[in-house]
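The following exercises concern burial, helix packing and overall composition. Please examine the sequence and the coordinates before turning to the solutions.

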Amino acid sequence: MSLLIVENVKKHFGALEVLSGASLTLDPGDKVGLVGRNGGGKSTLLRLIEGLEAPDWGSVKLRRNARLGHVPQRPHFDPGVTVRAHVDAGLGEVRSAIAALDQINAQLSHTSGDELERAMREHDRLSERIDELGGWELERRVETVMSGIGLKPELWDREARTLSGGERSRTALARELVSGSDLLLLDEPTNHLDLAGIEWIEAYIRELKSAVLTVSHDRRLLDNAVTSIVELERGTLSRYSGNYSTYVRLKEERFTSELRAFEIQDDFLRKEDLFIKKHMGSQRTAEAKGRQKKLENLVRLPRPYNDVRRPMIHPPKAERGGELVLETRELCAGYGNAKALFGGVDLRIARGDRIGILGENGAGKTTLLKILAGRMAPRSGVVEFGHKAACGYYDQDTSELRKDGTPYTEIRRDHPTLTDLEIRSHLALFLFRGKDIDASVASLSGGERARLCLARLVLTKPSWLAMDEPTNHLDLAARTALEEMLSAFQGALVFVSHDRQFLDGLCTQIVEVGGGEVRRIDGNYSDWHAMKAREEASRVATRDAPKPVEKTKATATKAKATAASRGGKDESAARPRSSSGGKVRNPYQFEKLESRIMALEQELKVVQASMTTEEVYRNVERLKEAQIRMAEIERDLATAYNEWETWQ
């Protein structure tokens, strides 16, 4: 039975038709990504499913007794309720189910006949429901989810109302993730998460038993966590099997096929029309009338629609400065009397560098960017700028826009010499046309404000760019346009971003901020991620490795080599005795153990070598498999080494 049925839904806001016959069916366990233009109706569709809006026409039906989970945009927290308590409240249904199951278990011992049969059926139903809701280890589940999305343990016992905006959003998200909804609606779930949190929730969605419908502009998440894409375009919904990359390919193939069919039919219609006009009233009038009758009954194919609108962002034109953009020495940053975020930072940024700044939330990424851009003074240390090193700064909060302004006046106040036509033509490149040009900044969506900030930025003449989360609020088409502009920009680029595909496409270096330090790594996001995985694997291996012993496999190899040089087997290897000096053990078993050690050590080398190859470290799943296998081999080796020692 379907979980959700949206059937021929229409929705208007005044004269604007947002949905025009939208239909969608979701089954239990479906993982679906919802994509479309900003302002195209995605949030409206979610509100209709949540029951916060009613359709003007059509119906939205959720399966009876199905539980719907969604994260409110402005979560409410009761006074005195801690983060842990708020998240734990999401377990209400599973706790009730466990309590009911405990009650049935207590009754089974003195129940018989039909009553026992009914109790057993209810026992099975409750057990199955508890599994669907996420299982039995409730406390561990709550803490796992809170940690996974970046709520640090020191926040768990704080009053939820005192948290920052991002922390409040993560708390509300954690509550829904633990609740075990039958259908979970997520609107940009990666907002307010750092990279570790994004990768965690991506894996969580993939393994979740619930159905998930998520609106997201994170292309990696749409590639790795969903199994189908639903596109909202011109008020209707189209579904594509597969992930986001598959959707892009299938959509292009579908458009090409439909355009070809339309062109073939259009050519046929044109020729038929010419024949009818030429022969009507002639000796072939009957044939012309017959063809005309057929055309009247022919179903005309519509010209396929392909929305290719996107901002046309040209790289800023600037006078070329020196090769050195800036250099820092012993840079230290912090706020008030609090502990420094980082210190002792020495960085050198040259023309043409492409640097992505990564780190956990609160580590100091934006602080470092602002200091480099000259927007904030360091606590100590020096920032020296190169010749003509003019910075173009992009603030993710779009706070430089005047709320009482309009797109037109925001460009006019910075560039008073531009003509009216020049301003309007420039804004058109960023999809501001007609009445949009005179709309108040306060009424603009997040995506529109982001596009307006970019429109202002490219009219400046920076020799380098510092950008804080430039893809936030941009839809997928605008993100692609921004990537292309930044790829063509000749100056240095330094930016903070959680968009993994954006980082991979642009970065040649990563600056990692964390633990009070800043370090620089060559490569893009995937290179950095693979390096972090290798470091973690090495740390785990060092932690779990057996204590050193005097005799290792090298000793055994040396003994075998010595025996071989003598033309026979080593006596100690051929006749090993127990450590207690007891009777002789089976020499065949000892040789078998040595062979196993050698095979394990060889396999370990192969696995370790594979983790440094591009095809593995760029593939998250293959890298994880290699890490797991490496840990298994190291455990087996530890056991084999200990067994080998008992023969000596």
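**Exercise 1: Burial of one residue**

D527 counts as buried because its relative accessibility is 17%, where buried means under 20% relative accessible area, exposed over 50% and partly exposed in between (1.4 Å probe, protein chains only). The model is a predicted one, in which local features need pLDDT of at least 70 and side-chain atom pairs count only at pLDDT 80 or more, while totals for chains, interfaces and linings use all residues. Residues are numbered from 1 along each chain as its sequence is written, and side-chain values use heavy atoms, with hydrogens and water left out.

Task: Locate D527 in the secondary structure and relate D527 to Q509.

Step 1. D527 lies in helix α17, which covers residues 525-544; helices are DSSP runs of H or I with at least four residues, strands are E runs of at least two, and both are numbered from the N terminus.

Step 2. Q509 is 18 residues from D527 in sequence, and their C-alpha atoms are 9.4 Å apart.

**Exercise 2: Packing of α12 and α13**

Task: Describe how helix α12 packs with helix α13.

Step 1. Two packed helices are described by the angle between their axes and the distance between the axes.

Step 2. For α12 (residues 407-414) and α13 (residues 420-429), the angle is about 120 degrees and the axes are 10 Å apart. Axes are lines fitted to C-alpha atoms, for helices over the stretch in contact, and angles run from 0 to 180 degrees between N-to-C directions.

Step 3. α12 is therefore oblique to α13, since angles under 35 degrees count as roughly parallel, over 145 as roughly antiparallel, 65 to 115 as roughly perpendicular and the rest as oblique.

Step 4. On the α12 side, the contact (heavy atoms within 4.5 Å) is made by P407, Y408, I411 and R412, and on the α13 side by D420, I423, R424, H426 and L427.

**Exercise 3: Packing of α9 and α10**

Task: Give the geometry of the α9 and α10 pair and name residues in the contact.

Step 1. Helix α9 (residues 244-279) packs with helix α10 (residues 285-297) at about 145 degrees, with 9 Å between the axes.

Step 2. Contact residues include F268, L269 and F275 of α9, and A288, R291 and L295 of α10.

**Exercise 4: The whole protein**

Task: How many helices and strands does the protein have, and what percentage of its residues is buried?

Step 1. The protein has 22 helices and 19 strands.

Step 2. Of its 648 residues, 44% are buried.

Step 3. Among contacts between residues at least 6 apart in sequence, 70% join residues at least 24 apart.
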